[in-house]
Amino acid sequence: MTLETAIRPGALYRLAWYLYLVLAVGGAIWIGWREGTIPLALFLDPGGWWIDLGAGAAAGAALLGCWELARRTLRQARMLEDHFAELLGRLERTEALALALLSGFAEELFFRGAMQAAWGWIIATVVFTLLHTGPGATYRVWTAFSLVAGLVLAGLMEWRGNLLAPVSAHFLVNAVNLGRICGGERGERGERGERDGDAGAET
């Protein structure tokens, strides 16, 4: 049984919400246990928030450029997007944005806010990378990209000392990729394929 047959189309979207909520709660508990409280400074630097947003946007754009290069040069990257499109199903724009925001916040709170603060950026990046994998050679592209992204996000956290920059970069990458994978031309192609399959089954 492959991953595509084990998870029904659309089921991954609902599962992702549960997993990211668990990550967010786990990260908050971890930080609260270590610090005794969850400091506001972890999320925002009132005097330099605009630098954090700019750095996050620039890092996110650079990562999107890396992924676009992978899509154009590696068949495995395009196959991976097809796999995710099938697993997630067609998403509305608001659904894609909400999932991108939740995933960006939850993963950064857990990996950079909690784990990196406790164990250092190397361990946090390694664990982040290992958790972004899957069966078969196709998913190695995702793992490799996650390693690059993890290093960039860890660097933003080390440099700025708060989560706004890495969360912004993570959100931008996920929002753009989810919007393309689960909507637009790719989603329309998937729907046409389903209709063609239904028509073929009726003949």
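Start with the contact map: among contacts between residues at least 6 apart in sequence, 80% join residues at least 24 apart. Keep in mind that this is a predicted model.

**Whole chain.** Show the cartoon. The protein has 9 helices and 0 strands. From the N terminus on, the order of elements is α-α-α-α-α-α-α-α-α. Now switch to a surface. About 11,100 Å² is exposed, and carbon and sulfur atoms supply 66% of that area. Colour by burial next. Buried residues account for 43% of the 203 residues.

**The core.** Hide the surface and look inside. The largest nonpolar core holds 49 residues. Select W67, L156 and L178, the residues with the most contacts inside this core. Then colour by helix. The elements that give two or more residues to the core are α2 (11-35), α3 (49-73), α4 (75-88), α5, α6, α7 and α8. The largest share, 10 residues, comes from α5.

**L178.** Stay on this core residue and show its surroundings. Setting aside neighbours within four places in sequence, L178 is in contact with L88, A96, L99, A100 and G183.

**Helix α8.** Select residues 164-181, the span of helix α8. This helix is mostly covered, with 13 of its 18 residues buried. Now check its length. What should its 18 residues span at 1.5 Å a residue? The expected value is 26 Å, and the end C-alpha atoms are 25 Å apart, which agrees.

**E108.** Move to helix α5, residues 93-119, and pick E108. Is E108 buried or exposed? Its relative accessible area is 0%, so E108 counts as buried, the cut-off being under 20%. Show what surrounds this side chain. Leaving out neighbours within four places in sequence, E108 is in contact with G113, L153, L163, P166, V167 and H170.

**The nonpolar patch.** Bring the surface back. Select W121, I122, V126, L130, L147 and L151. These residues form a nonpolar patch on the surface, with about 570 Å² of accessible area together. Two elements give two or more residues to the patch: α6 (121-130) and α7 (138-160). Which helix gives the largest share? That is α6, with 4 residues. Click I122 to land in helix α6. While there, look down the helix axis. An α-helix has 3.6 residues a turn, so residues three or four places apart point the same way.

**Last view.** Show core and patch together. Helices α6 and α7 are among the elements that give two or more residues to the core, and both also give two or more residues to the patch.

Terms used
Residues numbered from 1 in each chain as written. Predicted model: local features only at pLDDT ≥ 70, side-chain atom pairs only at ≥ 80, totals over all residues. Heavy atoms only, no water. Patch = residues over 30% accessible without salt bridge, like charges linked within 9 Å, V, L, I, M, F, W, Y side chains within 5 Å. Areas by Shrake-Rupley, 256 points an atom, 1.4 Å probe, with all protein chains shown as cover. Salt bridge = Lys/Arg side-chain N within 4 Å of Asp/Glu carboxyl O. Buried < 20%, exposed > 50% of the residue type's maximum accessible area, 1.4 Å probe, protein only. Contact = heavy atoms within 4.5 Å. Expected span 1.5 Å × (residues − 1). Core = buried A, V, L, I, M, F, W, Y, C linked by side-chain atoms within 4.5 Å.
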